Amino acid sequence: MALKKASKLPQAAVLKHILRRCSSLGRKLRMAEGLPVDVPKGHFALYVGEKRSRFIVPISFLSRPEFQSLLRAAEEEFGFHHELGLTIPCEEVVFRSLASVLG
């Protein structure tokens, strides 16, 4: 049985890092392509499932234990240093169900 590597950063630092990456990615895309801002204040975009469906979710989700477990799974599977944006490794239907409960 393999041991999981413990996160070196405290939870709050990881969440700040995620938000910084999401907002900087959005700024780069808008500046490079002249795209309209489609993520309202207090929300962030993430990608879910095999087709990488895009969702806009409230930042308040970050404090919920259910969402934090998805973030840990994302870190283990993808890491936070890739250019695709925050990607959650679960089926879209499962994420939709969780989002409806959290929202």
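This passage describes the fold of a predicted protein model, then one of its helices, its salt bridges and an unusual backbone angle.

The protein contains three helices and three strands, and, read from the N terminus, these elements follow the order α-β-β-α-β-α. Of its 103 residues, 31% count as buried. The accessible surface of the protein comes to about 7,200 Å², and carbon and sulfur atoms contribute 59% of that area. Among contacts in the protein with a separation of 6 or more, 52% join residues that lie 24 or more positions apart along the chain.

Helix α2 covers residues 65-78, and its 14 residues should span 20 Å at 1.5 Å a residue, a value that agrees with the 20 Å found between its end C-alpha atoms. Within this helix, F67, Q68, L70, L71 and A74 are buried. Because the buried residues of α2 fall within an arc of 155° when the helix is seen down its axis, they line one face of it. On the other side of α2, by contrast, P65, E76 and E77 are exposed. The helix is followed by G79, a residue with a positive phi near 75°.

Side chains of opposite charge can pair when their charged atoms come close. A search of the whole structure finds two salt bridges. In one of them, the side chains of R64 and E66 meet with an N to O distance of 3.8 Å, which falls within the 4 Å cut-off for such a pair. Both partners count as partly exposed, since the relative accessible area is 30% for R64 and 34% for E66, and the partly exposed class runs between 20% and 50%. The other salt bridge links R96 with E92, whose closest N and O atoms are 2.8 Å apart. These two residues are four positions apart in helix α3, which comprises residues 92-102, and they are therefore separated by about one helical turn. R96 is partly exposed, with a relative accessible area of 47%, and E92 is likewise partly exposed at 23%.

A further local feature concerns the backbone. Most residues other than glycine have a negative phi. R52, however, has a positive phi of about 55° although it is not a glycine. This residue lies in the loop between strand β1, which covers residues 43-48, and strand β2, which covers residues 53-58. With a relative accessible area of 33%, R52 is partly exposed.

Conventions
Residues are numbered from 1 along each chain as its sequence is written. This is a predicted model: local features need pLDDT of at least 70, side-chain atom pairs count only at pLDDT 80 or more; totals for chains, interfaces and linings use all residues. Side-chain values use heavy atoms; hydrogens and water are left out. Buried means under 20% relative accessible area, exposed over 50%, partly exposed in between (1.4 Å probe, protein chains only). Contact means heavy atoms within 4.5 Å. Accessible areas come from the Shrake-Rupley method with a 1.4 Å probe; for residues, only the protein chains shown count as cover. The expected span of a helix is 1.5 Å times one less than its number of residues. The arc is that of the directions from the helix axis to the C-beta atoms.
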